Amino acid sequence: MGRKIFISYKYGDSDVQHIKGNWWETNTVRDYVDVIESSIDSSDHIYKGESDGEDLSQLSEDTIWSKLRDRIYDSSLTLVMISKGMKELWKPDKDQWIPREISYSLKETSRINSSGVAVTSKTNAMLAVIVPDRNNSYTYYTYNKTCCSSGCRVLKTNQLFDILKKNMFNQKDPSTKDCDDGSKVYYGDSSYITSVKWDDFIKDMDTYIDKAYEIQDNIDSYNITKEV
């Protein structure tokens, strides 16, 4: 069954691995979104974000936000592209687009439809896709460590927007154990917003999308933060 997908990302972040065009041309996260959009076009999913040729820059911030809200409201899954330069460190989270888009994606919003009936949207399924940096590395955000007998993956959530961080490792009754170095290891679906590397996601997009919806079906098992 097709899903309506909205993608939240930092358009101009150019600290990404080159993915298209000539080697000397600068790529941005938008180029990765183009690849997803093309993949969605060839499947039964529906892309609800803006297309690359669509210029919103001449519109007021209120008008842009109104358009984005409409698209998020009409979506059921939000992909958040994690990239090395996604945050503007000098700006509060509430003044940046990605946290606002995540917040609206997580809220249940009522609107009056054309028949005069109030229709309430569900909290979107969510998935974070990690984009490799220009050195083709993911270590700015994630890496594996072997101090635990089973091995584990580390996510540097402290450098994310707060609303993104708070919706990770937020399962109410998580399965955990202590690592050999004293850190805590989480097992299973410990996060409402799970993280997947770009290389893994783009090879098997539907599997990760299906998993996000499976987690959404169990949303009551999570402490969801909806405000920026």
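1. Over how many bridges do E6 and E11 pair, and in the parallel or the antiparallel sense? They pair in the parallel sense, with 4 bridges between them. One place to look for this is Val129, whose bridge partner in E11 is Val196. Keep in mind as you read on that this is a predicted model.

2. Now step back to the sheet that holds this pair. It is an open sheet of 5 strands, in the order E2-E1-E3-E6-E11, and the pairing is parallel. At the edges sit strand E2 (46-47) and strand E11 (194-197), each of which pairs on one side only. As a reminder, strands of a sheet pair through backbone hydrogen bonds, either parallel or antiparallel.

3. Let's check some of the other neighbours. E1 and E2 run parallel and are joined by 2 bridges; here Ile5 has Tyr47 of E2 as its bridge partner. Strand E3 (residues 77-82) pairs with E6 over 6 bridges, again in the parallel sense. If you want to find that pairing in the model, look for Thr78, which stands opposite Met126 in E6.

4. E6 deserves a paragraph of its own. Is this strand, residues 125-130, mostly covered or mostly open? Mostly covered: 6 of its 6 residues are buried. In a regular strand the side chains alternate between the two faces of the sheet. For E6, Ala125, Leu127 and Val129 lie on one side, Met126, Ala128 and Ile130 lie on the other, and they are all buried, so both faces are covered.

5. On to helix H2 (61-73). Does its length make sense? What span should its 13 residues have at 1.5 Å a residue? The expected value is 18 Å, and the end C-alpha atoms are 18 Å apart, so the two agree.

6. Which residues of H2 are buried? They are Ile64, Trp65, Leu68, Arg71, Ile72 and Tyr73. An α-helix has 3.6 residues a turn, so residues three or four places apart point the same way. The buried residues of H2 pack against strand E1 (4-8), H3, strand E4 (110-112) and strand E5 (118-120).

7. Last, the cavity. The structure holds 1 cavity of 30 Å³ or more, and the volume of the largest cavity is about 40 Å³. Helix H2 (61-73) and helix H3 (97-106) are the elements that give two or more residues to its lining. Among the lining residues are Ile72, Tyr73, Tyr104 and Ser105. Sorted by class, the lining has 3 nonpolar, 5 polar and 2 charged residues. Notice that Ile72 and Tyr73 turn up twice: they are buried residues of H2, and they line the largest cavity.

Definitions and conventions
Residues numbered from 1 in each chain as written. Predicted model: local features only at pLDDT ≥ 70, side-chain atom pairs only at ≥ 80, totals over all residues. Heavy atoms only, no water. 1 Å grid on protein atoms, 1.4 Å probe; cavity = no way out; pocket = protein on both sides within 12 Å on 5 of 7 lines; lining within 4 Å. Points joined across faces, edges and corners; volume = space filled by probe spheres on them. Nonpolar A, V, L, I, M, F, W, Y, C, P; charged D, E, K, R; others polar. Expected span 1.5 Å × (residues − 1). Buried < 20%, exposed > 50% of the residue type's maximum accessible area, 1.4 Å probe, protein only. Contact = heavy atoms within 4.5 Å. Pairing = 2+ DSSP bridges.
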